[in-house]
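User: Got a minute to walk through this model with me? I'd like to go over the backbone oddities, the ligand site and the empty spaces.

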Amino acid sequence: MILEQLNKEDVLILAIETSCDETAASVVKNGREVLSNVIYTQIALHTKFGGVVPEIASRKHIEKINQVIEGALEEAGVTLKDITAVAVTYGPGLVGALLVGVSEAKAICFATGLPLIGVHHISGHISANYIEHRELEPPFVCLVASGGHSHLVTVRDYGEYAIIGRTRDDAAGEAFDKVARAIGLGYPGGPKIDRLSREGNPEAIPFPRAKVGENEYDFSFSGLKSAVLNYLNSCQMKGEEVNKADVAASFQKAVTDVLVEHSLHAVKEFGFDKFAIAGGVAANSSLRAAFEQECARRGITFYHPSPVYCTDNAAMIGVAGYYEYIRGVRHGYDLNAVPNLGL
Ligand code: KG4
Ligand code: ZN
């Protein structure tokens with residue numbers, strides 16, 4: 001079906017993402033249309049350890065990668081012959097996990113002669129916004145909040161980024177995961193805190209909103225995390241019962257307040273009128289609602305991907321890969337996994 005709808009000039013990117021605990025592949029047409037998005041999530045495997053175990057993640061990627069890629073091609077109704085280029089996340093992330101995707105992409109390109117394009121994971125997260133908002137074009141400001149990153153980024157053009165704020169310590173998602181563990185919700189914490197918060201009072205406990213020294217756009221979440229742990233300890237020592245839903249809601253409100261305040265201040269100061277969010281934490285319902293409300297109040301157009309494009313997926317890598325392809329970026333077979341790759 002889809003094959004017949006393809007034009008000669010269509011650019012089809014086969015994208016691969018294995019930077020953490022999702023083995024994912026996707027076929028993206030002309031940078032905006034997702035023909036397939038296959039995700040094998042390893043979450044269940046890591047849950048019993050309370051977090052991602054890198055060695056287990058790498059091994060599972062190896063086991064699943066071929067199946068996931070075949071699934072993505074099949075779902076899109078194409079074969080490797082229809083593909084224009086292969087895009088793969090080469091950093092940042094877990095080195096062993098990244099290596100599986102990078103080696104696979106190189107092997108496919110070597111066997112088929114297709115061009116190879118290495119993609120930055122964060123560029124992928126930001127580009128997820130292009131999938132469902134065809135009208136969105138740079139320039140805009142994007143908040144990337146995931147398990148490993150909390151970055152405030154200006155997107156001057158496709159693939160052109162400048163980081164204007166970052167976390168000084170924990171990433172926002174990491175704080176969600178740690179607080180969830182402390183109140184016994186398990187991994188991954190974000191979605192569980194999101195759900196439990198709906199039954200709690202966000203004003204119940206006055207957790208701190210950290211201000212960070214010289215850079216007003218930087219974030220800090222370790223103080224907030226400690227405040228939650230101290231609160232739990234003091235309740236325990238006093239023999240008081242903890243209302244977990246109130247803790248979750250109050251913590252989530254503290255994170256949301258800081259993210260909204262810093263981000264929208266930056267949008268105004270840098271003179272932008274469009275703002276987007278990305279990364280796993282962008283799936284948070286209270287964060288989305290707060291941005292929705294505050295952006296409307298301040299006359300800023302707000303963009304966010306559907307939850308499935310917020311957490312790790314390969315479609316976002318296909319979109320970012322398309323714009324790299326258009327810019328003429330090509331990588332050689334010496335492309336390596338770079339765990340701490342800068343944006
Ligand atoms: O972007 P992502 O899938 O992986 C990284 O690149 O890190 O983000 C995963 C993070 C985890 O910390 C998870 O707890 C958080 O995103 N997360 C959420 C929600 N869904 C996922 N945090 C808050 N609310 C959510 N609904
Ligand atoms: Zn991610």
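Analyst: Sure, and keep in mind that this is a predicted model. Let's start with asparagine 30, which is in the loop between strand S2 (22-29) and strand S3 (33-41).

User: What's the phi of asparagine 30 about?

Analyst: Asparagine 30 has a phi of about 50°, so a positive one, although the residue is not a glycine. Most residues other than glycine have a negative phi.

User: OK. Which residues does a cis peptide bond join, with omega about -10°?

Analyst: Glycine 91 and proline 92 are joined by a cis peptide bond, with omega about -10°. Proline 92 belongs to the loop between strand S4 (85-91) and helix H4 (95-112). There's also a cis bond from tyrosine 187 to proline 188, where omega is near -10°. For the general background, most peptide bonds are trans.

User: And where is proline 188?

Analyst: Proline 188 is in the loop between H7 and H8. Both helices matter for the next topic, as H7 covers 172-182 and H8 covers 189-197, and each supplies at least two residues of the shell around ligand 1.

User: Right, the ligand. Which residues come nearest to ligand 1?

Analyst: There are 20 residues around ligand 1, and the nearest are Gly147, Asp177, Gly190, Asp194 and Asn284.

User: Which helix gives the most to that shell?

Analyst: H8 does, with four residues. Helix H5 (121-127) supplies at least two residues as well.

User: What's the shell like by class?

Analyst: The shell around ligand 1 splits into 12 polar, five nonpolar and three charged residues.

User: Now the polar contacts. What is 2.9 Å from the side chain of aspartate 194?

Analyst: That's a nitrogen atom of ligand 1, at 2.9 Å from a side-chain N or O atom of aspartate 194. Histidine 121 also uses its side chain: one of its N or O atoms is 3.2 Å from an oxygen atom of ligand 1. With glycine 148 the backbone takes part, as an N or O atom there lies 3.3 Å from an oxygen atom of the ligand.

User: How much of ligand 1 does the protein bury?

Analyst: The protein buries 89% of the 560 Å² that ligand 1 exposes when taken alone.

User: Where does ligand 1 sit?

Analyst: In the largest pocket. That pocket has a volume of about 930 Å³. It is lined by 36 residues, and Ser146, Gly147, Gly148, Asp177 and Tyr187 are the closest to its centre.

User: Which elements give two or more residues to that lining?

Analyst: H5, H7 and H8 do. The largest share is from H7, with six residues. By class, the pocket lining has 15 polar, 13 nonpolar and eight charged residues.

User: Changing topic: how many cavities of 30 Å³ or more are there?

Analyst: Two. The largest cavity has a volume of about 50 Å³. Its lining includes Ser123, Ser127, Tyr130, Asp157, Tyr323 and Glu324.

User: Which elements give two or more residues to the lining of that largest cavity?

Analyst: H5, strand S7 (150-157) and helix H13 (315-326). H13 gives the largest share, four residues.

User: And how do the residues of that lining divide?

Analyst: Seven are nonpolar, three polar and two charged.

User: Can you sum up where H5 shows up?

Analyst: H5 supplies residues to the shell around ligand 1, to the lining of the largest pocket, and to the lining of the largest cavity.

Note on methods. Residues are numbered from 1 along each chain as its sequence is written. Chains are lettered from A and ligands numbered from 1 in the order in which they are written. This is a predicted model: local features need pLDDT of at least 70, side-chain atom pairs count only at pLDDT 80 or more; totals for chains, interfaces and linings use all residues. Side-chain values use heavy atoms; hydrogens and water are left out. A residue is near a molecule or strand if one of its heavy atoms lies within 4 Å of it. A polar contact is a pair of N or O atoms within 3.5 Å; within protein, one must be able to donate a hydrogen and the other to accept it, and residues adjacent in sequence count only if both atoms are side-chain atoms. Accessible areas come from the Shrake-Rupley method with a 1.4 Å probe; for residues, only the protein chains shown count as cover. On a 1 Å grid over the protein atoms alone, a cavity is a set of points where a 1.4 Å probe fits but cannot get out, and a pocket is an open set with protein on both sides within 12 Å along at least five of seven lines; lining residues have an atom within 4 Å of a point. A molecule sits in a cavity or pocket if more than half of its atoms lie within 2 Å of its grid points. Ala, Val, Leu, Ile, Met, Phe, Trp, Tyr, Cys and Pro count as nonpolar, Asp, Glu, Lys and Arg as charged, and the others, Gly among them, as polar. Grid points are joined across faces, edges and corners, and a volume is the space filled by probe spheres set on the points.
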